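Reader: I would like a close look at a single part of this protein, with its surroundings described afterwards. Please keep to what can be read from the model.

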Amino acid sequence: MTITVSEALDSDTAIIVTVERQSGGYIDGLWVDGTPTIFKTLCSPQPASAKERQILPEGDRDKDIFKFITKKPLRGVSDRDELSADIVIFKGNRYTILSPADWDLYGHTTSLGARVQ
């Protein structure tokens, strides 16, 4: 029997983190923030490996990077879709999602986030 990561994410193996999702859009070529949505999700935060850091832009590789494995999808910035990146609040720090990866087939998402200085 195959086990999926989502089955392993429970209150014994993960924590609840707060996610801040900013809405908004472009008005006359400038981004205007809307009202943020706050939600909580079950998450397994882990330090990013050196290999995972390599997929990030050079300017982000030296930052405090965490991998967030969640059941709810997190989103990164998308100019095409007019979306700003989610902010994960973990241990009192705010992490901007840089690289979300949808593993929905396996019941989870894995996202890399950089601590906001």
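How many residues lie between S2 and S3 in their hairpin, and which residue in the turn has a positive phi?

Author: The model is predicted. Two residues lie between S2 and S3 in the hairpin. The turn residue with a positive phi is Asp-28, at about 55°. On either side of this turn, strand S2 covers residues 24-27 and strand S3 covers residues 30-33. The two strands run antiparallel and are joined by four bridges. Within this pairing, Tyr-26 has Trp-31 of S3 opposite it.

The barrel is a separate topic. Six strands close into it, in the order S1-S4-S5-S8-S7-S6, with antiparallel pairing. From one strand to the next, the twist averages 45°. In general, the strands of a sheet pair through backbone hydrogen bonds, in a parallel or an antiparallel way.

One pairing in the barrel order is that of S5 with S8. Strand S5 spans residues 65-70 and strand S8 spans residues 108-115; six bridges join these antiparallel strands. Among the paired positions, Lys-67 has Leu-112 in S8 as its bridge partner.

Strand S8 also contains Ala-114. Ala-114 counts as buried because its relative accessibility is 5%, and the cut-off for buried is under 20%. Leaving aside residues up to four places away in sequence, Ala-114 touches Lys-63, Asp-64 and Ile-65, as well as Arg-94, Tyr-95, Thr-96 and Leu-98. Of these contacts, Thr-96 is 18 residues from Ala-114 in sequence, while their C-alpha atoms are 5.3 Å apart in space.

Notes. Residues are numbered from 1 along each chain as its sequence is written. This is a predicted model: local features need pLDDT of at least 70, side-chain atom pairs count only at pLDDT 80 or more; totals for chains, interfaces and linings use all residues. Side-chain values use heavy atoms; hydrogens and water are left out. Two strands pair if DSSP finds at least two bridges between them. Axes are lines fitted to C-alpha atoms, for helices over the stretch in contact, and angles run from 0 to 180 degrees between N-to-C directions. Buried means under 20% relative accessible area, exposed over 50%, partly exposed in between (1.4 Å probe, protein chains only). Contact means heavy atoms within 4.5 Å.
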